[in-house]
Amino acid sequence: METAGKVITCRAAIAWTSNAPLSVEEVEVDPPKAGEVRIKVLSSGICGTDNHTLDGTFPVPLPAILGHEGAGIVESIGEGVSSVKPGDKVILTILPQCRKCDSCLHAKGNCCLKEDIFSPVGLMLDGTTRFTCRGRKVHNNFGASTFTEYTVMHEISVVKINDAAPLENVCVIACGLPTGYGAAVNTAQVTPGSTCVVVGLGGVGSAVVLGCRAAGAARIIGIDINVGKLARAKALGVTDCLNPRNFKKPIQQVVVEMTGFGADFTFEAIGTIETMVAALESCNLSYGVCVLIGVSPTGSQLSFDPMKLLSGRILKGCLLGEYKTKDNIPLLVDDYMKKKIDMDPLITHTLPFVKINEGFDLLRSGKCVRCILLFGDPSE
Ligand code: APR
Ligand code: ZN
Ligand code: ZN
């Protein structure tokens, strides 16, 4: 393409500080270096983790271009890149698959050691950034900034997908869908006929519901304080809805009484310590499995009586649903296109990219499940 090798000036939403609206302005995006890929972003979801970063509870260094749930088209590639080429449709993921580290070489490991999620530095692996705004260097987000018309990522985090994939939807397969769906089918390994509990029914929790249903769960108990979320979750497959605000006793006690013994599988998809304890205590004490998915505030500590595990309960966590990204995301896209995974109900809103702050308002007010930003004509 004619832009290859040149700096691209385009629009991006900059997070200059936490607890302030994002500022849509012009940025310069450098060409990709060796092993890197520059991508024209066409869609991006707004995920709960972006909100955790903006409210200051997750430590991505600012200023930064946030967003990590994207889909787009490769614009140009750096030296040595072989798995994608200009024009390819791709998903932009936060989780690399380098295929060389201890985690990638293990059959089950998906937390590639090249990740920049757990203690994010917001820079490329060479310690520099490809984004400049008003003369200032701007950090990336988990190596995958998507709130920008163009981004640069490492090849190991860029996933080539089906040429016929609808780019306006499949961005959700970068984070929300695999995070929830995989928690059910890979991490918990939900069994047919089982009883599941999903605490938090936003984009991620709704994807857990889809996974539980696909695995054949007989009963799916959804828990949320937002009545609108409960109603939507019923359409996805939740069989029983609980609003903790309607009960005087802890919600875990309600679940144990409803099920007689506690659920087989429970999932936390919010990110508070209180709801994590509720999820743990909602699964049965003998063979119950509790999976933590929500991102907790930096430095928080989970404390519970260890006897709760000695009886046999299993407490687990997972990242991106335990999927190895380069291997599995293309398959999830194919399953979506074959209608084996019906994730369309997760996408409740779409907005033009420039209305990104309205998208965050929708997320914070609980009015949307997933809001997708679309990057159309720059003149709009
Ligand atoms: N009890 C029950 N439900 C709650 C509570 C609570 N105390 N607090 C919040 N919720 C519900 C909200 O009403 C909302 O429906 O949790 C849901 C959270 O959903 P979103 O904000 O849409 O977030 P989502 O993108 O689904 O992410 C959930 O997973 O990946 C992580 O960082 C992400 O921690 C976040 C979690
Ligand atoms: Zn996310
Ligand atoms: Zn790796």
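**Exercise 1.** Are Phe58 and Phe142 buried or exposed, and how is their ring pair to be classified?

*Solution.* The model is predicted, local features require pLDDT of at least 70, side-chain atom pairs count only at pLDDT 80 or more, and totals for chains, interfaces and linings use all residues. Residues are numbered from 1 along each chain as its sequence is written, chains are lettered from A and ligands numbered from 1 in the order in which they are written, and side-chain values use heavy atoms, with hydrogens and water left out.

Step 1. Buried means under 20% relative accessible area, exposed over 50%, and partly exposed in between (1.4 Å probe, protein chains only). Phe58 and Phe142 are both buried.

Step 2. Rings of Phe, Tyr and Trp (its six-membered ring) pair if their centres lie within 6.5 Å; planes under 30 degrees apart count as stacked, over 60 as edge-to-face and the rest as tilted. This rule yields 4 aromatic pairs.

Step 3. For Phe58 and Phe142 the ring centres are 5.7 Å apart and the planes stand at 70°, so the pair is edge-to-face.

Step 4. Phe58 belongs to the loop between helix 1 and strand 4, and Phe142 to the loop between strand 7 (136–138) and strand 8 (150–154), so that the pair links parts of the chain 84 residues apart. Helices (H or I, at least four residues) and strands (E, at least two) are DSSP runs, numbered from the N terminus.

**Exercise 2.** Classify the ring pair of Phe353 and Phe375.

*Solution.* Step 1. The centres are 4.4 Å apart and the planes are at 20°, so this pair is stacked.

Step 2. Phe353 lies in the loop between strand 16 (347–352) and helix 10 (356–365), and Phe375 in the segment after strand 17 (370–374), so the pair ties together parts 22 residues apart in sequence.

Step 3. Phe353 is buried at a relative accessible area of 1%, and Phe375 is buried at 9%.

**Exercise 3.** Identify the protein donors of the zinc ion (ligand 2) and of the zinc ion (ligand 3).

*Solution.* Step 1. Donors are N, O and S atoms within 2.8 Å of the metal (3.2 Å for Na, K and Ca); water is not among the atoms, so sites may look incomplete.

Step 2. For ligand 2 the protein donors are Cys47 (SG), His68 (NE2) and Cys175 (SG), at 2.0 to 2.3 Å. Their spacing in sequence is C-x20-H-x106-C. His68 is buried at 1% relative accessibility, and Cys175 is buried at 6%.

Step 3. For ligand 3 the protein donors are Cys98 (SG), Cys101 (SG), Cys104 (SG) and Cys112 (SG), at 2.3 to 2.4 Å, with the spacing C-x2-C-x2-C-x7-C. Cys101 and Cys104 are both buried.

Step 4. Four donors count as tetrahedral if all angles lie between 85 and 135 degrees. The 4 donor atoms around ligand 3 subtend angles of 103 to 117°, so the arrangement is tetrahedral.

**Exercise 4.** Describe the surroundings of Ile329.

*Solution.* Step 1. Ile329 is found in helix 9 (residues 325–337) and is buried, with a relative accessible area of 0%.

Step 2. Contact means heavy atoms within 4.5 Å. Leaving aside neighbours within four places in sequence, Ile329 is in contact with Ile91, Thr93, Val159, Ile161, Ile173, Leu320 and Lys324.

Step 3. The C-alpha atoms of Ile329 and Pro178 are separated by 8.0 Å, although these residues are 151 residues apart along the chain.

Terms used
Four donors count as tetrahedral if all angles lie between 85 and 135 degrees; four count as square planar and six as octahedral if opposite donors are over 155 degrees apart and all others between 65 and 115; anything else is irregular.
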